[in-house]
Each structure stands twice: as structure tokens, then as C-alpha cells.
Amino acid sequence: MLNRQGRPSSPGEGAEAINPTFTGNRALIIEEALLFETGRIDVTGVDVEEVEDFEPRLGAFERKDPIGLPGFAEPEAMRHFVRLSQKNFGIDTGLFPLGSCTMKHNPRLNEKVARLPGFADIHPLQPISTVPGALAVIDHLAHYLKTLTGMPAVAMSPKAGAHGELCGMMAIKAAIAAKGEGETRKVVLVPDSAHGTNPATAALIGFTVASIPVRPDGTVDPAEIKKALGPHVAAIMLTNPNTCGLFERDVRAIADVVHEAGAYFYCDGANFNAIVGKVRPGDLGVDAMHINLHKTFSTPHGGGGPGAGPVVLSDKLAPFAPFPYVVNARVLVERAEEVMNGETPFGRLTAFHGQMGMFTRALTYMLSHGTDGMRQASEDAVLSANYVRTGLADLMSAPFGDQPCMHEALFDDTWLKDTGVTTLDFAKAMIDEGYHPMTMYFPLVVHGAMLIEPTESESKASLDLFIATLRDLALSAKRGETERFSGAPYHAPRRRLDETRAARQPVLRWTPPEPIKDAAE
């Protein structure tokens, strides 16, 4: 049965209709059409005065045909976007178990500060003399980042994690060139447990990537690093805690052998939220590390816009930090735009300084929590992950044995063998239970990986319900109740999609459907 938009009126394309509705709506689950399907191009909800004659300056680029955008009254536009928002799952909706993503709660105090006049309205092209407060915020935040990491310098301009990786590795490349070793040190070591952007970043700027295997316990062996080192190696890119949710206990030994070989130690700081206030990366021998402000310091994944990925640098790399950077000379805070104090920046990474919204949110988070609060947040994140791990350990298999994890708990699909249920099936069934699936099939070193990161934001009651839900699903799979999984999700606005086809053959243009003929014709 088709609804009035010509779509299947059941929950999902082609699904069998149970008590179908004419509208396609299912109570409060509204079947929302595209704007182009419901609007009219000949009307508008806004009265605009006629434009006086003018001489266009677009030349051959002047539009010759109507733009064709649909018009709506205010209630129609409001309803459309409210309905769309109700189909989205976010941290304000429920527990977000994605691993290696830190989708944590963003305190509303942070949002209030970010929207203060002067921060919300700041423009990157304003004269420097009009933004001393913003520069002071950047300088203040930079001070805390250096304090938390034990590093002497920080570049604040990178916009996100991968951008920060690029910044740190470009600083390393500049330092190598300054020593006259640019033509010999061409290899970057990347453990299999590193974030996937690490080898991509190294390759992007001309390095060759050499993989380092992990031990059976999921960590990196310093002996494997030592075997791969030589005058041809520029750096190692190590994620710590790694993507298996484990702390690299031999990190200091790894740093020592890397430095003895004349190479640099880049640490991926995407998982810094697990160790803030507990350990300083500078004390571990790190030369460069990016920090995802939009992950570690409370704003979930950029807050819907650009993130921020400052890079802390050791004494050896500090002179190569890119423009622009803030200089605090007693009471004077200014933005440096030219070489000073014998420094040799590798250049400019981005046109402007950074994402002001992320800076204000992160600084607000730090000031409102204090040192003890940030340390507790790290402890709570690790406690929550281990609570989930132990709550599921008797039903779901852990690839690296029964050992404590850091901020995220990792399972594999060994326990699903002979059940007829796949990792993807399990993920789709979680949607029916009202949960966003955990990170699936990552890290790649684990077959059928299921990576869960509850963060510090969840209450015990929230974690208990999540664990009980996954236990119920796991027991159902072990009992052979495959129908619960093979067709899932059953209750979502859309059923299971062909994700491979959607990625390879995306439909990016809307075309008007053929008119539906009335049954009486």
C-alpha cells in the first residue's frame, strides 16, 4: 500500500504493512517528505519589496532562469525541521556508545559562554586591536594545555585531529630538514593499533609508512620498534591509549629507543580524555601530540561545525610551530605574524587562528571543573568502560583477554560463531532497542570488532540498562533467535539500507515523481 506521497506506508521501504496508515505516519513517528515535494515555487512565507532596477555585475554568470526554491509559511518550515530533528540520535537523546569518538555530554554552561557577545560575533578579519579578549582566551587555554601535557609549546590553529596530525608531522619534517636529514629520513613507523588517519597523514606529506605489529595483548613491543629503527626513520606515530582501549605500558621505553635513533615521537592524542590529570605526555617522551578540544574537553565532535586540534610540542619542535600564534609578553597579548626569537616556523597551516567556539567551550570546561574535576572525569571514563567490560565479559569475547581497559571496552565476534548473527546484525538490533550502535569493525586488528566507549557522562542507572540490553541481545543470539537480528531494525523510520550501494551509487539529485493516478480514474 502506498501513502499519499507514493511511498510504502509501512516502517521502511518495501516492508510488509501492519495496520497501514494513509499518511505513512505512525503516531508520533511522522513520515516527513522533502521540501521540494511539499513546497511551492510560486509562493513564499516572507513578503519582500520589489527590487529597483540595477546594473548587474555578474556578467556571463548572471542567472537566467528562476532559482526554483520551494516556499513555505513559517509553521510549515518550523514543523519540517523539528520533525527532522526528531529522527536524529545524539548525546542529548541517549547513551552514545561509539568507541574512539568520545561523544560526551556538552555542559550547557559551555554553550552559554560560547554565545556571549564578542565571542559569538567575532570575525576573523577584525583588526587585532579589537579582539584582545579573544587573544587572552586563546593564551589562557594554551597555558592550561601546556600544563596538562607537560609540554613547553602549543600550536592552536589546527582545526581538528587529522589537521593537528598534519601540523605535528610538518613540524617534525621541518626539524629533520633543519638538521640536513630531509633526504634520508623518509620512513614513519605506525603500529597496527594506531588511528587510521596516522598513516594517511604521514603519506600525505611525502613519508613512507612502515607498519609495526601489536603483541598478543594488544600493545606495542619496544623490541619491534627497535628492529625497525635506523637512519632512514623520521618518526613513530603512536596512539596512546591505543585504539584497542589499552594504555601502552612501555611507552617510555619506546620513546627512548626512538630518540636514540635520532627520530621523533608523535603521539595521537585523540584518546587523551582517558588520562587527563593522570599522566603528562611530555613526561613520557612525546615530541608532538594533537588534542581534540571537541572531544576531550566536552564538545561532541565539533558541535556541528569545525572542531579544534591544538598540537603541543617539545623543546626540539617548538621553534617550528606554524603561524599564527599568540605571544604573551607580560600584560601584552598579541598575535605573532613574523619570525622572532630565532624561530623557524614551517609556515602557515591555516588562514586564521582557530575555532573560537571550541576555545571558549574548552576553557569553560577546564575552569568549571578544575584540576581535580578533570582528573575525576578521566577516572570516571575509565571506570565506566571497565564496568561495561565486566558486565558483558561472560557473554561477549574480548580479543586480548580479561585485562583492564582504559576509556573504551573492545569485543570481537568470536562469541557469535555458529549463531547465524553477524556483527552488523547485532548493531542493527541495537537500533530497535533505542541505542546508537557502538563502533563496528574497528580497530582493524580485531575481526568483527565492537568498540564501546561510554565516557564519564553516564550514570550507573544508564550503564546498567545499556548492559542489560546488550546481555538480552547476546542471549537472544546464542538461543538462535536470528529473526530478531536478520531483519533489524524493525522499528526505525527506515529499515536496513544497502550501505555499500549507498556509498558507491549515491542519489544526489531529486527528480519529481510521476503523478499518482487516482484509483477512480
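Is Tyr 435 buried or exposed in this predicted model? Tyr 435 is buried, at 10% relative accessibility, where buried means under 20% relative accessible area, exposed over 50%, and partly exposed in between (1.4 Å probe, protein chains only). Here is how to read the close-ups that follow. The model is predicted, so local features need pLDDT of at least 70 and side-chain atom pairs count only at pLDDT 80 or more, while totals for chains, interfaces and linings use all residues. Residues are numbered from 1 along each chain as its sequence is written, and side-chain values use heavy atoms, with hydrogens and water left out.

**View 1. Phe 36 and Trp 510 form a stacked pair.**
By the ring rule (rings of Phe, Tyr and Trp, the last by its six-membered ring, with centres within 6.5 Å; planes under 30 degrees apart are stacked, over 60 edge-to-face and the rest tilted), the structure holds six aromatic pairs. In the pair shown here, the ring centres of Phe 36 and Trp 510 are 5.7 Å apart and the planes meet at 25 degrees, so the pair counts as stacked. Phe 36 belongs to helix α1 (residues 35–38) and Trp 510 to the segment after α14, so the pair ties together parts that are 474 residues apart in sequence. Helices (H or I, at least four residues) and strands (E, at least two) are DSSP runs, numbered from the N terminus. Phe 36 is partly exposed at 43% relative accessibility, and Trp 510 is partly exposed at 32%.

**View 2. A nonpolar surface patch includes Phe 36 and Trp 510.**
Leu 34, Phe 36, Ile 67, Leu 69 and Trp 510 make up this patch, which has about 480 Å² of accessible area together. Patch members have over 30% relative accessible area and no salt bridge; like charges are joined within 9 Å and nonpolar side chains (Val, Leu, Ile, Met, Phe, Trp, Tyr) within 5 Å. The areas come from the Shrake-Rupley method with a 1.4 Å probe, and for residues only the protein chains shown count as cover.

**View 3. Tyr 435 and Phe 466 meet edge-to-face.**
Back to the residue we opened with: what angle do the planes of Tyr 435 and Phe 466 make? The planes are 75 degrees apart, and the distance from centre to centre is 5.1 Å. Tyr 435 sits in the loop between α11 (423–432) and β11, Phe 466 in helix α12, and the two are 31 residues apart. Phe 466 is buried, with 1% relative accessibility. For another close-up of rings, turn to Trp 415, Phe 426 and Phe 485, which form one aromatic cluster.

**View 4. Two salt bridges lie within helices α8 and α12.**
A salt bridge is a side-chain nitrogen of Lys or Arg within 4 Å of a carboxyl oxygen of Asp or Glu, and the whole structure has 25 of them. In helix α8 (residues 251–260), Arg 252 and Asp 256 are four residues apart, about one helical turn, and their closest N and O atoms are 3.1 Å apart. Both ends are partly exposed, Arg 252 at 37% and Asp 256 at 32%. In helix α12 (residues 460–478), Lys 460 and Asp 464 are likewise four residues apart, about one helical turn, with an N to O distance of 2.9 Å. Lys 460 is exposed at 55%, whereas Asp 464 is partly exposed at 30%. Elsewhere, salt bridges that share partners join Arg 215, Asp 217, Asp 221, Arg 249 and Asp 250 into one network.

**View 5. Arg 115 and Glu 111 form a salt bridge.**
The N to O distance is 2.2 Å. Arg 115 is exposed, at 53% relative accessible area, whereas Glu 111 is buried, at 15%.

**View 6. Strand β5 is largely enclosed by the rest of the structure.**
Why is β5 (residues 264–268) described as largely enclosed? Five of its five residues are buried, so the rest of the structure largely encloses β5. Tyr 264, Tyr 266 and Asp 268 cover one side, Phe 265 and Cys 267 the other, and all are buried. Strand β4 (residues 233–239) runs parallel to β5, joined by five bridges; strands count as paired if DSSP finds at least two bridges between them. One bridge matches Thr 239 with Asp 268 in β5.
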